[in-house]
Amino acid sequence: MFFNNDKARLDEWLDTPIPRLDGQCPRDLLFTEEKRRELLTVLQEMKFGEMA
């Protein structure tokens, strides 16, 4: 949805440190349930334009 099915853009985002995630890359958060929930929260914020 955010990347218009552009795999290169998605991969770039997954591997970019995000300040809202304490400088972690989104890809690093995929490995535990707790971190996936945190990532989903960030995606929800992006969806509704709540990120600063």
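Trainee: Which residues are linked in a network of salt bridges?
Mentor: Start with the term. A salt bridge puts a side-chain nitrogen of Lys or Arg within 4 Å of a carboxyl oxygen of Asp or Glu. Side chains of opposite charge can pair when their charged atoms come close. The network links Lys7, Asp11, Asp15 and Arg27.

Trainee: What kind of model is this?
Mentor: Residues are numbered from 1 along each chain as its sequence is written, and side-chain values use heavy atoms, with hydrogens and water left out. Local features need pLDDT of at least 70, side-chain atom pairs count only at pLDDT 80 or more, and totals for chains, interfaces and linings use all residues, as this is a predicted model.

Trainee: How many salt bridges does a search of the whole structure find?
Mentor: One of them joins Lys7 to Asp11, with the closest N and O atoms 2.7 Å apart. Another joins Asp11 to Arg27, at 3.3 Å from N to O. The search of the whole structure gives six.

Trainee: In which helix do Lys7 and Asp11 both lie?
Mentor: Helices are DSSP runs of H or I with at least four residues, strands are runs of E with at least two, and both are numbered from the N terminus. Lys7 and Asp11 are four residues apart, about one turn of the helix. Their helix covers residues 7-14 and is α1.

Trainee: Is Lys7 buried or exposed?
Mentor: Take the cut-offs: buried is under 20% relative accessible area, exposed is over 50%, and partly exposed lies in between (1.4 Å probe, protein chains only). Its partner Asp11 is partly exposed at 24%. Lys7 has 58% relative accessibility, so this residue counts as exposed.

Trainee: Where does Arg27 lie?
Mentor: Follow the salt bridge from Asp11 to Arg27. The pair links distant parts of the chain, 16 residues apart, with Asp11 in helix α1. Arg27 is partly exposed, with a relative accessible area of 28%. Arg27 lies in the loop between α1 and α2.

Trainee: Which residue forms a salt bridge with Glu33?
Mentor: The partner is three residues away in helix α2, so about one helical turn separates the two. Glu33 is partly exposed at 46% relative accessibility, and the partner is partly exposed at 32%. The closest N and O atoms are 3.0 Å apart, and the partner is Arg36.

Trainee: Why is the aromatic pair of Phe3 and Trp13 called tilted, and at what angle are the planes?
Mentor: A search of the whole structure finds one aromatic pair. Rings of Phe, Tyr and Trp (its six-membered ring) pair if their centres lie within 6.5 Å; planes under 30 degrees apart are stacked, over 60 edge-to-face, and the rest tilted. Here the centres are 5.7 Å apart, and the pair is tilted because the planes stand at 45°.

Trainee: Which parts does the pair of Phe3 and Trp13 tie together?
Mentor: Phe3 is buried at 14% relative accessibility. Trp13 is buried too, at 13%. The two are ten residues apart in sequence, so the pair ties the segment before α1 to helix α1.

Trainee: How far apart are the end C-alpha atoms of α2?
Mentor: The expected span is 1.5 Å times one less than the number of residues. For the 15 residues of α2 that gives 21 Å. The model agrees: the end C-alpha atoms are separated by 21 Å.

Trainee: What arc do the buried residues of α2 cover around the axis?
Mentor: The buried residues are Leu39, Val42 and Glu45. The arc is that of the directions from the helix axis to the C-beta atoms. They sit on the same side of α2 because their arc is only 115°.

Trainee: What phi does Gly49 take?
Mentor: Gly49 is found in the segment after α2 (33-47). Gly49 is exposed, with a relative accessible area of 60%. Its phi is positive, at about 70°.

Trainee: What is the radius of gyration of the protein?
Mentor: The secondary structure comes to two helices and zero strands. The radius is taken over C-alpha atoms, and the globule rule is 2.2 Å times the number of residues to the power 0.38. That rule gives 10 Å for 52 residues, so the protein is as compact as a globular protein of that length, with a radius of gyration of 11 Å.
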